[in-house]
Amino acid sequence: MAAHLKKRVYEEFSRVVQITHEEAPVKKLRLSKPSKSAALHIDLCKATNSTDALQYLLHFARKPVEVESVEGVVRILLEHYYKETDNSVRLKIASLLGLLSKTQGFSPDCIVDDAINTLNNEKSHQVLAQLLDTLLVIGMQLPESPTVRLRLIQMACKHLSDTYFGVRNKCLKLLGCLGTVDAPLTKDNEGAGTSLGDVKDVQSIISDYFGDQDPRVRTAALKAMLQLHERGMKIHEIIYDQACRLLTDDYEQVRSAAVQMVWVLSQLYPESIVPIPSSNEEIRLVDDAFGKISHMVSDGSWMVRVQAAKTLGSMLQVSPHFLEQTLDKKLMSDLRRKRTAHERAKELFTSGEFSSGRKWADDAPKEKLDRNTVYLIASGACGAFVHGLEDEMFEVRIAAVDALSKLARSSPSFAEKCLDFLVDMFNDEIEEVRLQSIHVLREISTHITLREDQLDTVLAVLEDSSRDIREALHELICYTNVSTKECVQLALLELLKNLNKYPTDRNSVWKCLKFLGSRHPTLVLPLVPELLSTHPYFDTPEPDMDDPAYIAVLVLVFNAAKSCPTMPALFSDHTFRHYAYLRDSLSHLVPPLRLPGNGLDLVDSRCSLGSVESAQLFLQQSLNRVSTIQNLEAPGAQDLLNFTIRDLQRLGELQMELAGAADFCATYLRCQLLLMKALQEKLWNMAVPLCLKQNVTATAAAQQILEETYKLEFLYGGLESRQVATIHHVRLQAKALQLILTARTRQGLDPLISSCEKFLQDIESFQRLFVAELPHLQGSFVDTLLELMPRLSSCKPVEMVKILQTTLRQSGMLQLRLPEQIHRATATIIEPTGESDNPLRFTTGLVVALDIDATLEHVQDPQNTVKVQVLYPDGQSHVIHPKPGDFRKPAPDRYRLITQVYLSHTAWTEPSQIEVRLLLAYSSSSTTSLSAPKLGWSDSVDGLQSPEAAVEGTIPFSKPVKVYIMPKPARR
């Protein structure tokens, strides 16, 4: 028994008991940024003097502040403001308060009371001005709070009587930006203790300071009134007299602002009647304002003269006789007030004087003119544009030319009268003035016909060494009407001289003669025998078709023959052969003609195209036909896409007006065709090792689809948000295909996880960018993914790939909806032509300059996107970014690139060809930037999270040109 008890005791002591410990919760590390307000408070407390505090504030201003920290920072700044005695520190604090009030997402209504209190207690004028500027910022950030605005306006009215001009300026600016005409204001000139004040509206208060003793305040008052006008308030007509008096102010800034004020009132009240000083006459307000602003063209300050000349160009409601007076320095009789015969007889009778009879007709009625008394227009305003065009400052001359252009476009009679003045400007010493006058004459060319003497002056500019001037003049001659056949002959001779002196102008001269012939067929007709060197009895030698001058003559004659059916009878046999040759080689310059005999009727029959309307209908029907592709089997659907792409490509070649839309649709359908081939049934039902070749093909197809989508997005202009969403939808399908192929072909889980996370980010980005277009994408691939988004975010990568594969194969094609107009960015390299067999030789180790001349159509921001690529035979590729000054803009949506590319290479044994082409650079960040949040009060981006890596690349958008070069070894 004792042994048994002993055994049990040993068992109890030797028993092993396992105690399960509860798992302690994992501690999570939370990273928090240090408080901006606390850091600022510590820095300001460490400052021992005002200089240190100012340095801390300047350092603080360079760093961004988060929205949640703004209010705390403002409180710290205000607390230090009350303690600070130095004016410069308080000035900086007031400036920081205004900057912080602009922070996106922060409502500054919580600091209005503090800002007003500091304004009431401040004694420094400079700090007062800065505080008023801060109040203006606060008021602009709170447009929906009329109570706050009213308080701010009252504070501005209270401080308008300050002795410092800067304070009055800020008060007037605040009234101009925040003032309203709904409720009258009380202007307290005597201080807070005075209860009697004049009840006025904001315009009356501002106009009281038109006569301030400080010219800077007068300028601020005028600008405040203009600000009221820009905000949609109608300025009172009584201000017109005050503004006119300020036109004679001693300060040029006041006169410049007064010119703007007079112009605004002339547009608001053009038909109002105003009296003329020192007479009983009355004229329209717009005519009176036009005369007064014309007088300012002779102002002593060139900036005022520029402002006056620009303003004259926008006064289109002025009377014709006032308009014509600006071209004559002598006062016209229409603008003098004439006395009636009864008034003259009455004056003669009351004077008691009678004719003595000693001089013949000494009693004839005469009009006594006093030079100092001009009734309808000031004498200084006569010939305003003559003064402007003869001004010593070229800025004034350019402004006068622009004003003439605007007025001449609205008045054909005025265009004819100002023609001589504009032609004279072709001889100006400044190239910019000459170029602007050519552009202006081009704009009003529909209203004018050039005489021979005027044309002679115009054509003299063809000797100019500037290429821009010559090409602008070619453009002018294209749209100018001439009066006689001698003018046509003179223009042709001068253009041929230009062609001989500057061979690079060949294409521009040919284009010019094309329009010259089509506009003057009857004037070209009598010149045909002389131009073609034909003789009624003798055969003449056949000219050389390689001569650019002979081609220029033929372009002139053939374009004139299109509207003159009797002209082909004057052609010789070789002229018909030359027509057939030029019709094939230069079809853009030579029109289709119906030529008699010689079997050449077939030449023009191929050019009979349908109308644009029928072509557009065919384009829409093609898209509607493709929309039924879901009902077809795979082989039939692919055949339909192939045939439709072929038809659209041919349509783009035949109808240039629809080339952009047709190419866009063909590229989109090509993406769908590639996607359909990549998703074939046999690829996904076979094991991966058995379909390696098909996997490679699908991978290449996915990559090609991505490249095509970038072309669709960045190579075409005029796209709406819906089309961009459709393009991004196709791109998302291609990325899903790439993810599926990555999971099938690559080993390892880490790359797959990162790819899945990237794809989920792409889906969220699509939803954020095109949230307004999601209703139009119902039932699409992305719509299904957004419904499955919670499941995709939580599932494993392998399961996610299976879901994507099923969803992608079941998704259909989105129907493409075209906008009104789509333009394709195109580039045509004019020089080099690539036709020369003579190599460009240079020494190894040195460089040679290759001139590039190209025309760009429908390119957005070419200065930043267009690049030149040079591809060498050994595979080396150089990409050159042209300078911004190398781009010219001769017409809307058209640019001209004239630049030089420097080539260099090692020694070659024989000449070889290099390829030169133009590239269009793009970046996917340009799409995401539309929805990116705006920065806060600081321009620094240090505190922002780095965005996703943007996809950048280049798209070739010109045909390559091959150039022979020969780097030769250096001599020893």
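Helices here are DSSP runs of at least four residues, numbered from the N terminus, and by that reckoning Gln-267 belongs to helix H13, which spans residues 252-268. The model is a predicted one, and Gln-267 offers a friendly way into it.

With a relative accessible area of 30%, Gln-267 is partly exposed. Its side chain makes a polar contact of 3.4 Å with the side chain of Ser-266. Leaving aside residues up to four places away in sequence, Gln-267 touches Ser-314, Met-315 and Gln-317. Of these partners, Ser-314 is 47 residues from Gln-267 in sequence, with a C-alpha to C-alpha separation of 9.5 Å in space.

Stepping back to the whole chain, there are 43 helices and 18 strands. The chain has 972 residues, and 46% of them are buried. Contacts that reach across the sequence are well represented: among those between residues at least 6 apart, 73% join residues at least 24 apart.

One part of the strand content can be followed in detail. An open sheet is built from 4 strands in the order S9-S11-S15-S14, with antiparallel pairing. Its edges are formed by S9 and by strand S14 (887-891), each of which pairs on one side only. Ignoring direction, neighbouring strands of the sheet are turned against each other by 30° on average. Helix H24, residues 467-478, packs on this sheet and touches S11, S14 and S15. The direction of H24 makes about 150° with that of S15.

Within the sheet, strand S11 (residues 848-857) has 7 of its 10 residues buried, so S11 is largely enclosed by the rest of the structure. On one hand, S11 pairs with strand S9 (residues 826-831) in the antiparallel sense over 5 bridges. Two of the facing positions illustrate this register: Thr-826 stands opposite Glu-857 in S11, and Ala-827 stands opposite Leu-856 in S11. On the other hand, 10 bridges join S11 to the antiparallel strand S15, residues 894-903. Here Thr-855 stands opposite Arg-896 in S15. As a reminder for reading such registers, side chains in a regular strand alternate between the two faces of the sheet.

Aromatic side chains give a second view of the packing, with 12 aromatic pairs in the structure. One of these is the tilted pair of Tyr-164 and Phe-165, whose ring centres are 5.0 Å apart and whose planes meet at 55°. Both residues of this pair are partly exposed, because relative accessibility is 24% for Tyr-164 and 22% for Phe-165, and the buried class requires a value under 20%. Another pair joins Phe-664 and Tyr-716, with centres 5.3 Å apart and planes at 75°; this pair is edge-to-face because the angle is over 60 degrees. Phe-664 lies in helix H34 (residues 659-678) and Tyr-716 in strand S7 (residues 716-717), so the pair links distant parts of the chain, 52 residues apart. Phe-664 is buried at a relative accessible area of 0%, and Tyr-716 is also buried, at 7%. Ring pairs further connect Phe-558, Phe-571, Phe-576 and Tyr-579 into a cluster.

Aromatic rings also meet charged groups in this model. Arg-442 lies over the face of Tyr-479, 3.8 Å from the ring centre. Likewise, the charged end of Arg-731 sits over the ring of Tyr-710, at 4.0 Å from its centre.

Two further residues lie outside helices and strands or beyond the last of the elements named with them. Thr-103 is found in the loop between helix H5 (87-101) and helix H6 (112-121). Thr-103 is buried, with a relative accessible area of 3%. A polar atom of the Thr-103 side chain lies 2.8 Å from the backbone oxygen of Leu-100. Ala-970, by contrast, is placed in the segment after strand S18 (961-968), and counts as partly exposed at 46% relative accessibility. Ala-970 and Ala-907 are 63 residues apart in sequence, while their C-alpha atoms are 8.4 Å apart in space.

Note on methods
Residues are numbered from 1 along each chain as its sequence is written. This is a predicted model: local features need pLDDT of at least 70, side-chain atom pairs count only at pLDDT 80 or more; totals for chains, interfaces and linings use all residues. Side-chain values use heavy atoms; hydrogens and water are left out. Rings of Phe, Tyr and Trp (its six-membered ring) pair if their centres lie within 6.5 Å; planes under 30 degrees apart count as stacked, over 60 as edge-to-face and the rest as tilted. Buried means under 20% relative accessible area, exposed over 50%, partly exposed in between (1.4 Å probe, protein chains only). A charge sits over a ring if NZ of Lys or CZ of Arg is within 6 Å of the ring centre and within 35 degrees of the ring normal. A polar contact is a pair of N or O atoms within 3.5 Å; within protein, one must be able to donate a hydrogen and the other to accept it, and residues adjacent in sequence count only if both atoms are side-chain atoms. Two strands pair if DSSP finds at least two bridges between them. Axes are lines fitted to C-alpha atoms, for helices over the stretch in contact, and angles run from 0 to 180 degrees between N-to-C directions. Contact means heavy atoms within 4.5 Å.
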